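Got your viewer open? Here's a walk through the model, one selection at a time.

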Amino acid sequence: MAFITANWNPLGEAFYRKTELYEMCWNLRDGLRDSLVAAAPYGGPIALLREPHRRSPSSRPQLEIYSASGVSIASFPWKSGPVVQLGWTVSDELLCIQEDGSVLIYDLFGSFKRHFSMGQEVVQSQVLEAKVFHSPYGTGVAIVTGSSRLTLATNIDDLKLRRLPEVPGLHGKPSCWVVLTQDRQTKVLLSNGPELYILDSTSCTAVCPPGVSPQDGIVHMSVSFSYKYLALFTDTGHLWTGPSHLQDKMIEVDTKKKTTPKQMVWCRRPKSQQPSVVLMWDRLLLVAGVCSDTIQFPIDDPCVLVGELDGVRIISSTNQELLQEVPLVCQDIFKIASMAPGALLLEAHREYEKSSQKADEYLREIKEQSMLGEAVRQCVEAAGHEYDTNTQKSLLRAASFGKCFLTDFSPDQFVLTCRELRVLNAVRENGVGLPLTHTQFKQMTLQVLIDRLVYRQFYPLAIEICRYLKIPDYQGVSRVLKHWASCKVQQKDLSDEAIARVVCVKVGDSPGVSYSHIAAKAYECGRTELAIKLLDFEARSGEQVPLLLKMKRSQLALSKAVESGDTDLVYTVVSYLKNEMNRGDFFMTLRNQPVALSLYRQFCKLQEQDTLKDLYNQDDDHQELANYYVTASYREKRLESRLSLLQSAVDEYNKAKNEFAAKATEDEMRLLRFQRKLDDEKGAGLLGLSLQVDKVALLALGLHKQAEQLYRDFRVPDKRYWWLKLKSLAEKEEWEELEKFSKSKKSPIGYLAFVDVCMKCNNKYEAKKYVSKVTPEQKVKAHLAVSDLEGAADAAIERRNESEMGAVLSRCSTSDRLLIDRLNRAKATAPKK
């Protein structure tokens with residue numbers, strides 16, 4: 001274990017170590033000299049712009065993007081204006097801030113995405129300095145202009161520029177400045193010689209941190225990764241550290257270096273009580289903590305310090321190291337002569353592998369203290385903090401060895417740590433270049449790690465991790481496949497057929513993957529035919545149709561909508577086509593889709609009657625066109641217009657060879673003219689009524705001649721006419737006229753109807769007049785209708801009809817004893833049926 005602690009350096013009560021992450025894969029001829037360098041936290045990419053102030057058109061600076069391990073991702077000549085600062089957003093997008101205030105945004109692969117400006121006034125005054133920072137709102141940008149004013153935007157995705165108040169006595173660049181985020185408010189701390197100011201949206205306030213001499217000039221400052229702590233470096237070589245609210249002091253260290261450091265970065269492990277600051281000069285790296293001691297590392301090449309959640313990455317032209325405070329659990333296990341449970345368990349396992357009985361002695365010692373569970377926990381936790389895979393294995397084997405002697409120990413944390421370390425070791429490989437610590441991984445979350453792998457197009461690795469960690473498909477594999485397919489359709493070197501086939505094979509029926517989304521990406525790249533091929537794999541028509549319409553493939557969209565059986569979708573497409581096409585083409589398109597045409601006709605019947613007429617004309621559909629004219633005639637108020645439309649209907653019915661409909665329509669026209677004539681002569685108000693209602697009305701008005709004329713002209717059936725006249729005369733109580741009518745000719749409806757209608761009008765006297773005229777089969781009913789039981793009995797006995805006798809008996813009362821006896825005797829002698 002001695003070799004593990006060989007690179008530990010004590011600082012107060014803590015130890016610090018430098019762990020080599022990578023030997024850089026890049027080949028930088030001049031190292032990092034004369035270059036703007038920006039590295040993203042959480043093992044993010046590195047951007048490097050060589051000689052950023054070179055202005056010669058013939059020799060432009062080169063912007064290069066590398067992974068954290070130095071693998072080249074993108075490189076291109078910088079053709080825009082001079083760059084003041086580079087920075088990375090939280091989503092690994094590169095920000096290039098120019099002198100004129102323009103901020104250009106590129107993706108990880110060097111593709112330009114968009115740009116924005118920090119204000120028009122900056123164009124004239126130029127940007128002197130700029131910083132990229134991260135706030136609760138997102139990634140922000142702050143600048144100092146040539147007019148000594150500060151402008152910042154707290155979230156570049158929702159750009160709102162804030163111009164901060166003027167700083168008294170500031171001319172040109174400030175000595176140093178930093179952006180602070182406190183209580184969801186973004187402020188700027190600025191030093192102008194010995195004076196220190198805090199700027200917010202409305203005020204500029206002079207401050208003096210406790211312990212800082214008013215005569216000392218602040219020449220450098222740095223805020224911690226969490227924005228909770230602040231470090232100030234004075235021109236006397238003193239380093240002041242304290243909370244960022246500047247109301248307390250933690251420690252002040254004399255570095256004995258009066259030159260301004262090139263970089264100053266906090267190095268603090270979460271929950272640590274021993275925060276420290278790393279300062280870098282040309283040949284020296286110095287770590288200052290809460291004590292008066294410091295750690296000094298010599299450096300040979302220019303380096304770049306990158307603040308991380310739990311340490312500092314040191315990037316040089318040849319290698320990359322992680323400087324961090326040694327976690328307490330690692331100190332407890334690996335410290336020389338440590339008697340911590342984890343240290344004893346690790347030693348017990350080492351002896352066990354040697355087949356030594358000392359293993360049992362160490363285990364007994366741990367068990368006597370009842371600390372075996374704690375020993376396993378320490379080994380598991382320490383394995384997570386170690387970067388070297390051999391050390392990880394030793395600790396995990398020791399933990400596995402120890403938990404064999406525990407009966408109630410939950411293995412969940414052990415299994416989880418093993419899985420997470422396997423994932424971390426995979427992404428730390430040079431080819432991937434994500435040197436995440438376990439602490440960073442926990443803070444970042446697995447979902448974000450998958451997103452970063454996808455963004456960098458490490459699709460196979462992302463899928464293997466998702467499967468290994470058993471992430472639900474819609475969050476894991478399916479999401480990766482969706483991004484892969486969206487990227488695949490942008491490849492120029494493959495044919496549409498090849499890409500569609502590969503995407504179909506890979507994606508298949510993966511849940512959560514929408515082929516329409518992939519097709520939309522293909523269409524955005526100008527590959528319409530590929531998009532159509534991909535849409536063929538989309539099972540949901542509701543997703544296919546909108547994109548097909550967007551691609552101007554209306555015929556195909558209509559076919560897909562009809563195939564779906566979704567009428568709402570068909571109506572959507574038809575409505576779109578109607579607005580996009582001229583009327584002739586639109587109708588021709590619908591003729592090829594009978595279902596769509598039928599639905600559109602239904603729509604027109606309710607909403608657009610005129611369009612319906614044009615549609616029938618286009619199709620030479622004479623039958624439907626005639627029906628349209630008939631329907632339209634009922635909406636007309638003027639008789640001439642109505643007759644004109646009905647005449648058009650007759651013409652169309654004749655063309656359609658529908659003789660019945662043509663004749664019926666002609667009859668309707670004759671009826672209308674007849675009604676108009678009667679209205680003019682008698683004021684009958686019959687116009688628009690039906691033939692049946694007309695007859696009833698005429699009879700009610702006593703216009704019998706006109707009713708007769710209707711009866712003859714329109715060949716009304718005899719039975720219908722007799723019924724109408726019978727009821728009308730009875731209701732008007734014109735009994736004499738009714739009697740004359742009954743004698744005019746033989747009644748086609750019989751005379752029982754006369755009896756019934758008279759009785760309904762409560763006139764038994766008139767009803768009896770017609771009983772004698774009733775046919776023998778209806779005699780009994782007629783007599784019963786007028787309550788003539790004797791006559792009914794005579795008729796029933798005469799006919800010797802048993803059922804009729806029974807009907808008469810049912811109407812007899814006890815007072816009709818003689819009649820009952822007579823009927824019963826007749827019934828007894830009646831032949832049985």
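**A buried ring pair**

Start by selecting Tyr-229 and Trp-266: both are buried. Before you leave the whole-chain view, keep in mind that this is a predicted model.

**The wide view**

Zoom out and colour by secondary structure, and you'll have 33 helices and 29 strands on screen. Switch to colouring by burial: 51% of the 833 residues count as buried. Turn on a surface and you're looking at about 40,500 Å² of exposed area, with carbon and sulfur atoms supplying 48% of it. If you like contact maps, take the contacts between residues at least 6 apart in sequence; 50% of those join residues at least 24 apart.

**Ring to ring**

Now show the aromatic side chains. The structure holds 10 aromatic pairs. One of them is Trp-8 with Phe-15, a tilted pair at 5.7 Å centre to centre and 50 degrees between the planes. Is Trp-8 buried or exposed? Trp-8 counts as buried, because its relative accessibility of 9% falls under the 20% cut-off.

Hop back to Tyr-229 and Trp-266, which also form a tilted pair: 5.8 Å between centres, 35 degrees between planes. Trace the chain from one to the other, and you'll go from strand β20 (residues 229-234), home of Tyr-229, to strand β23 (residues 263-267), home of Trp-266. The two residues are 37 apart, so to speak, and the pair links distant parts of the chain.Next, select Phe-76, Trp-78, Tyr-106 and Phe-112 together: ring pairs link these residues into a cluster.

**Charges over rings**

Add the lysines and arginines to your view. Lys-403 lies over the face of Phe-414, at 5.0 Å from the ring centre. Then jump to Arg-419, whose charged end sits over the ring of Tyr-468, 5.8 Å from its centre.

**Last stop: Arg-149**

Which loop holds Arg-149? Look between β12 (138-145) and β13 (150-153). Arg-149 counts as buried because its relative accessible area is 15%, under the 20% cut-off. Follow the side chain of Arg-149 outwards and you'll find that it reaches the backbone oxygen of Leu-164 at 3.0 Å. To see the rest of the surroundings, leave aside the neighbours within four places in sequence; Arg-149 is then in contact with Ile-143, Val-144, Arg-163, Leu-164, Pro-165 and Glu-166.

Definitions and conventions:
Residues are numbered from 1 along each chain as its sequence is written. This is a predicted model: local features need pLDDT of at least 70, side-chain atom pairs count only at pLDDT 80 or more; totals for chains, interfaces and linings use all residues. Side-chain values use heavy atoms; hydrogens and water are left out. Helices (H or I, at least four residues) and strands (E, at least two) are DSSP runs, numbered from the N terminus. Buried means under 20% relative accessible area, exposed over 50%, partly exposed in between (1.4 Å probe, protein chains only). A polar contact is a pair of N or O atoms within 3.5 Å; within protein, one must be able to donate a hydrogen and the other to accept it, and residues adjacent in sequence count only if both atoms are side-chain atoms. Contact means heavy atoms within 4.5 Å. Accessible areas come from the Shrake-Rupley method with a 1.4 Å probe; for residues, only the protein chains shown count as cover. Rings of Phe, Tyr and Trp (its six-membered ring) pair if their centres lie within 6.5 Å; planes under 30 degrees apart count as stacked, over 60 as edge-to-face and the rest as tilted. A charge sits over a ring if NZ of Lys or CZ of Arg is within 6 Å of the ring centre and within 35 degrees of the ring normal.
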